[in-house]
Amino acid sequence: MKTLNFCIIKIGSNVLTNIDGNPDFDRMSHLVNEISQLKKSGVKIILVSSGAVAFGRKEITLAERINPVTKKQIWSSTGQIELINTYKNLFANHQTQVAQILVTKEDFRDRKHFLNMKNCLLGLLEQGILPIVNENDTVAITELMFTDNDELASLTAAMVDADSLVLLTNVNGIYTGHPDNEDSELLQVIQLQDKNLGNYITASKSSFGRGGMLTKLNMALKAANLGIQVFIANGKTENIISQIHSGTATCTYFQPQKAKQSSKKWLAHGLNYYKGAVKINKGARLALTQQKISSLLPIGIIEITGDFEKGDILRISDDTDSIIGLGRAEYSSKVALEKAGLKKQKPLIHYNYLYIFDHE
């Protein structure tokens, strides 16, 4: 376990609300105190907070006949004000200024936009300002939605090259069965080579959020693969953040792999954001998956689908339709179609912007 130096802390809706759905202001105050103490110790922190919809639902009662998407937009847009103002007032007690960052999936699809957002977050941190990130639920619907804020937190950790990701939920971590089952045991340390972890997860999810423990598991594994240590812990536990920092917390810890370079961290989450797809032959697959790094040349491409431009993310699959990786396009689909199968052409994907999934 490494020391926390640069940490993304995600607080789930069920941590910020009581059983009846009302905001748990005492819990918020306690967590803000802990985050402030951690920040004062020199740890850089970005907070990813759920809770806007739950806060909005408390403030405004809407008729059942209203469209569910419209309901969510109304609750999130009104609740976000209450949520961020609560954080602002609580952090002000610790002489900490906060900034609100609302994002959608579109903010992560384009490399230039991605870097602009990264620079904004790092700029805030340099000024001692605590960024508070949340999904822009007002405009994020259907295909623009994150799986939940666990995905957003994992993306944010990868984007800013954080060394640690803390996912606070209402249980202690990953169990071998349902957390309420007496026979279930907490998995205290998870390594990437551990198999069939998803079999432990039940299908339950948050009362006020979209995601559940399976999403947390998948996002934690992805972040750990990129070199980020991950903790899944109970945000209702007293002094949980201090305990994580000191290494004494009862939680699930994901051991990180060797850190990947920044561009590959961006690409690693791109399976949900790709704009086009390329199918490659056996020779190209061999070249891309061997130890020696290689670029994807047009001669190895047998099929191109989608309408993409330079800088867009591409999905790479082999001739059996198995997905093997992701990459950033060096030119448009129109140019790629003209070059496909030809020798002595500029790479469609340069190896610096190529991410190959781990395969058995």
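1. A good place to start is the surface: the protein exposes about 16700 Å², and carbon and sulfur atoms supply 48% of that area. Accessible areas here come from the Shrake-Rupley method with a 1.4 Å probe, and for residues only the protein chains shown count as cover.

2. Please keep in mind that this is a predicted model: local features need pLDDT of at least 70, side-chain atom pairs count only at pLDDT 80 or more, and totals for chains, interfaces and linings use all residues. Residues are numbered from 1 along each chain as its sequence is written, and side-chain values use heavy atoms, with hydrogens and water left out.

3. On the overall fold, the protein has 12 helices and 13 strands (DSSP runs numbered from the N terminus: H or I of at least four residues for helices, E of at least two for strands). Its radius of gyration is 21 Å, close to the 21 Å that the globule rule gives for 360 residues, so the protein is as compact as a globular protein of that length. The radius is taken over C-alpha atoms, and the rule is 2.2 Å times the number of residues to the power 0.38.

4. Of the 360 residues, 53% count as buried, meaning under 20% relative accessible area with a 1.4 Å probe, protein chains only.

5. Serine 154 may catch your eye. This serine sits in helix α7, residues 149–159, and counts as buried because its relative accessibility is 0%. Neighbours within four places in sequence aside, serine 154 is in contact with Leu165, Met219, Ala223 and His269, where contact means heavy atoms within 4.5 Å.

Notes
Buried < 20%, exposed > 50% of the residue type's maximum accessible area, 1.4 Å probe, protein only.
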